[in-house]
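Visitor: I should like to understand the terms applied to this model. Please take me through them one at a time.

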Amino acid sequence: MSIGFRVKRGDPARTATPLLVVALPAEPSLPTALRALDTKFGGALGRALRRKDFQGGKDETLLLFAPGTGGPERLLLVGTGTGDRVKGLTRAATLAGRRAQGLGVGACTFWAADLADASLEGAVVGLSLGSWQFKELHAPVPAAKRKKPLASVTLFVDDVAGAKRALTAGIAVAEGQRIARRLAMLPGNLCTPDYLVRTAKEIGKRHRLTVKAYGRAEMKRMKMGAFLAVAQGTRQDPKLIVLEYQGGKKGAAPVALVGKGLCFDTGGVSIKPAPGMELMKFDMSGAAGVLGAMEAIARMQLKVNVVGLIGATTNVVDGDAVRPGDVVRASNGKTIEIQNTDAEGRLVLADVLHFAKRFRPQATVDAATLTGAVVIALGHVAMGVMGNDQGVVDEVLAASKRGGETGWQLPLFDEFKEQLRSDCADLRNIGGRDGGSITAGCFLAEFAEGMPWVHLDVAGTAYSETDLVVMPKGPTGLPVRTFVEFVRGRAR
Ligand code: BES
Ligand code: MN
Ligand code: ZN
């Protein structure tokens, strides 16, 4: 369920709410604006700070109950820690959202000093991120045990009219992330290429985007031999999905956002080991990121043209599936020896990236859960960032930083290209274990030639296999914010 967010002015002490969240920095003293609130709580707030029960550290929380009635029933203190304020506040809001959802209070209000612009947007995004839950496939909880889902959040600001932009932006990003996380959580039997098409069409209908989807027959006509090789084993019709948003001048070069949409990846004939294979339902996280970003961009009405491109299919084991050693020809004419059918994402993206050139994009950014190697290189902390244009790489790195989604550049040195040499084709689709994320990036670069392009390897960051304190195990919403921030940076 999406949360209804609103902003208001006023004294938090006098607001009737089941939960008031107060975000405070490290080593806080009682803000003047909260003196009345402290009185309402019988001085408990001031005492908690003086006695250092609450020190405002990162991920620190303290829940207090009001002694009387009227005003807030509960007070949740959350620490924003030291360091970057927007980042700290966003994280604190995320934790608050999770706690509010867990308490089952249904509604809450949020106070932090000088909430405006980036900090307000961060608070909204955080509250939404932290309260997200996936319940749609569970049996409904019996009425007596049911907790109220967090349905409305009010944030205190000084300037209500001035808060509108940041509020709209925060809600837009929050909605985009919700779409992306839900899709990544949905299993492969439910989230199919057709389902991604339906979702794209829903987004398109909501915001008047042009949405087209090409199937196997059209892809054959476009000679997309690499993409089709991956889709060869499945009866599901593979889909190349195109979403066009026109926020800029008619005919102005768009930003292209490209997503790997493997609705499930068994590895194909080069089959993956059974333990953990179920995670491969998230192999469409890049595509989910594109859809989420398109939703957010359209809601924000950014003044730039954007085209979203998704390569959707399923990599399965089948008598007709592509086999190791098969040679196929991609739409740009290059031949590829498929030495490992599990390196399928780059095959799909090869044709989608080449297709992107039709739009003459000012810049293309793709996101893909491309390699296990990126988890070895950067763990679950940062996504791998690679590209053929350092200016655009820097722009994407800055966007990811603004969006709180850490990225780190890996080099596409020419030396790595040697690893992609094949005895019987222009390229092979694997480059061995060494520098695995980079050779995957080098492979993509062969198909992005001639356009400024950046690749995000989100295999380690789009989905968390552990509880992250601020959010449960599961999809993180990445790379929606990086996409959105990049496009925002290009909007005029
Ligand atoms: N979808 C996987 C990448 C992946 C692996 C994501 C682990 C998240 C966790 C991709 O299609 C894949 O299988 N890549 C292979 C490439 C190899 C065969 C060169 C990999 O990383 O093992
Ligand atoms: Mn694979
Ligand atoms: Zn894959």
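Guide: The following exchange sets values against definitions.

Guide: This is a predicted model, in which local features need pLDDT of at least 70 and side-chain atom pairs count only at pLDDT 80 or more, while totals for chains, interfaces and linings use all residues. Residues are numbered from 1 along each chain as its sequence is written, chains are lettered from A and ligands numbered from 1 in the order in which they are written, and side-chain values use heavy atoms, with hydrogens and water left out.

Visitor: What makes Asp265, Asp342 and Glu344 donors of the manganese ion (ligand 2)?

Guide: Donors are N, O and S atoms within 2.8 Å of the metal (3.2 Å for Na, K and Ca); water is not among the atoms, so sites may look incomplete. The protein donors Asp265 (OD), Asp342 (O), Asp342 (OD) and Glu344 (OE) lie 2.0 to 2.2 Å from the manganese ion, so they meet the limit of 2.8 Å.

Visitor: Which residues supply the protein donors of the zinc ion (ligand 3)?

Guide: They are Lys260 (NZ), Asp265 (OD), Asp283 (OD) and Glu344 (OE), at 2.0 to 2.4 Å from the zinc ion. Aspartate 265 coordinates both metals, and the zinc and manganese ions are 3.2 Å apart.

Visitor: Why is the site of the zinc ion (ligand 3) called octahedral?

Guide: Six donors count as octahedral if opposite donors are over 155 degrees apart and all others between 65 and 115; four count as square planar under that rule, or as tetrahedral if all angles lie between 85 and 135 degrees, and anything else is irregular. The zinc ion has six donor atoms with angles of 78 to 172°, and its site is classed as octahedral. The manganese ion also has six donor atoms, with angles of 69 to 166°, but its site is irregular.

Visitor: How do you know that ligand 1 makes a polar contact with aspartate 283?

Guide: A polar contact is a pair of N or O atoms within 3.5 Å; within protein, one must be able to donate a hydrogen and the other to accept it, and residues adjacent in sequence count only if both atoms are side-chain atoms. A nitrogen atom of ligand 1 is 2.8 Å from an N or O atom in the side chain of aspartate 283, so the pair qualifies. For an oxygen atom of ligand 1, the distance is 2.9 Å to such an atom of aspartate 265 and 2.8 Å to one of glutamate 344.
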